[in-house]
Amino acid sequence: MTGSVDASSETTDLPAGSTEPLMAEGLLVRGTAVDDPAFVGVAERDVFLAVDIGGTKMEVGLVDASGLVLDRVRTATPETSDPEVLFDGLCRIIEEVLSRSTVLPSICGVGCGGPMESGGRTVSPLNIPGWRGFPLQGRLDGHLGLPVVVDNDAKALALGEGWIGAARGQSNYLAMVVSTGVGGGVVLDGRLLDGSGGNAGHIGHLVVEPQGRMCVCGGQGCLEAEASGTAIAAITGHPASEADIAMRRRCGTLVGRAVASVANLLDLQLAVVAGSVALGYGEEFFAAAQAEIDLRCGLDFARSTRIERAGLGADGPLVGAAAVARRYLMVMEDGGR
Ligand SMILES: [Zn+2]
């Protein structure tokens, strides 16, 4: 991948209520050759309506069949306990993208914070308190009149990174987001793991410090409770972006500890990591994570496990959301599985 976005362009927090068209950023030149054998089944004309919903921002874009982001609009996630205000905010930026598009997307893919009921029938993102059991898939389907496919945002990233990012061509890998929260998605034997309810990959809730901080999930010492941006801000009393070197390394070490457990469990040797905390901490984070992995991956098959920066940068969430829809089309082409 030659078109990777520099880590410095990772999305940052926006003031509440701002709406920011980012067409120039979305037109980043990227190798668009479609040489992935898995690509059959997705028509070249397909354009995906891509929706990413996070605790800080919501973003909507159009992504073509090669993974190129054609247009995008983002807005700060409304801080509200009213589920309809959240949904209205989302619909507003969807309308903005669709109103200036000359092509009609054939399908909508959504990446949303977890947990959720399978297929996004209902979503209850930990970092969006206004949505608890919100029927996102059905509401969007009804609003758009398009097929809508919803999945966890970190699973979406895993699909996107395997499609045209840092895990392209890999059959076994973990993709992670370390930002406000910590999420993950696992591809094993070439297939994204769903689990019984679609929630496989919640690496943020692996225990890395048994006597550690209480977690929003009810557990103690979870990776998310120790190494997420929210946790670091709570521990230090300052925004995570201002953490000192020791805290940056600690974050990397704890992420490496969780990655090592996954690598040992699943016989995968690659973790690609996105998110403003990991990418913002840069080499201090990644070197500490790799050192911890090297320390804890002693079995022969796990020794070569490495942790790397995700390849899609600021495009990751939208490309991932498009990849959720793309995966659905490919499964349909195969007659389901
Ligand atoms: Zn937890």
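1. Let me start with strand 10 (residues 270-274), which is mostly covered: 5 of its 5 residues are buried. Neither face is left open, since Leu270, Val272 and Ala274 are buried on one side, and Ala271 and Val273 are buried on the other. Keep in mind that this is a predicted model.

2. Now for the sheet around that strand. Five strands make up an open sheet, in the order 9-8-7-10-11, and the pairing is mixed. Strand 9 (191-192) and strand 11 (306-309) are at the edges with a single partner strand each, so each has one side without a neighbour in the sheet.

3. Strand 10 pairs with strand 7 and with strand 11. The 7/10 pair is parallel and has 4 bridges, with Leu174 opposite Ala271 of strand 10. The 10/11 pair is also parallel, again with 4 bridges; here Val273 has Arg309 of strand 11 as its bridge partner.

4. On to the other partner of strand 7. Strand 7 (residues 173-178) and strand 8 (residues 182-188) run antiparallel and are joined by 6 bridges. If you want a register check, look for Ala175 opposite Gly185 in strand 8.

5. Met176 deserves a click in the viewer. Setting aside neighbours within four places in sequence, Met176 contacts Ala154, Val182, Gly183, Gly184, Ile203, Ala271 and Val273. Of these, Ala271 and Val273 are the buried pair on one side of strand 10.

6. Met176 also turns up in the core. The largest nonpolar core has 97 residues, and the members that touch the most others are Val63, Val110, Ala175, Met176, Leu223 and Val259. At least three residues of this core come from each of domain 1 (7-157 + 314-333) and domain 2 (170-310). As background, nonpolar side chains tend to be buried together in soluble globular proteins.

7. A different strand pair next. Strand 3 (residues 57-64) and strand 4 are antiparallel, paired over 7 bridges. The hairpin they form has 4 residues between the strands, and Gly67 there takes a positive phi near 95 degrees. Strand 4 is mostly covered too, with 6 of its 8 residues buried.

8. Arg72 is one to look at by eye. It belongs to strand 4 (residues 69-76), and its bridge partner is Gly61. Arg72 counts as buried because 25 other C-beta atoms lie within 10 Å, where 20 or more is enough for that label. Its C-alpha is 9.3 Å from that of Ile94, which is 22 residues away along the chain.

9. Is Ser276 buried or exposed? Ser276 is buried, because it has 20 C-beta neighbours inside 10 Å, and the cut-off is 20 or more. This residue sits in helix 8 (residues 276-281). Between the C-alpha atoms of Ser276 and Gly229 there are 8.4 Å, with the two residues 47 apart along the chain.

10. Finally, the whole chain. It has 10 helices and 11 strands, and 47% of its 337 residues count as buried. Taking contacts between residues at least 6 apart in sequence, 68% join residues at least 24 apart. The 97-residue nonpolar core, with residues from both domain 1 and domain 2, is where I would begin a second look.

Technical notes:
Residues are numbered from 1 along each chain as its sequence is written. This is a predicted model: local features need pLDDT of at least 70, side-chain atom pairs count only at pLDDT 80 or more; totals for chains, interfaces and linings use all residues. A nonpolar core is a set of buried Ala, Val, Leu, Ile, Met, Phe, Trp, Tyr and Cys residues joined through C-beta atoms within 7 Å. A residue is buried if 20 or more other C-beta atoms lie within 10 Å of its own, exposed if 12 or fewer, and partly exposed in between; C-beta atoms are placed from the backbone. Domain bounds come from an automatic or database domain assignment. Two residues are in contact if their C-beta atoms, placed from the backbone, lie within 7 Å. Helices (H or I, at least four residues) and strands (E, at least two) are DSSP runs, numbered from the N terminus. Two strands pair if DSSP finds at least two bridges between them.
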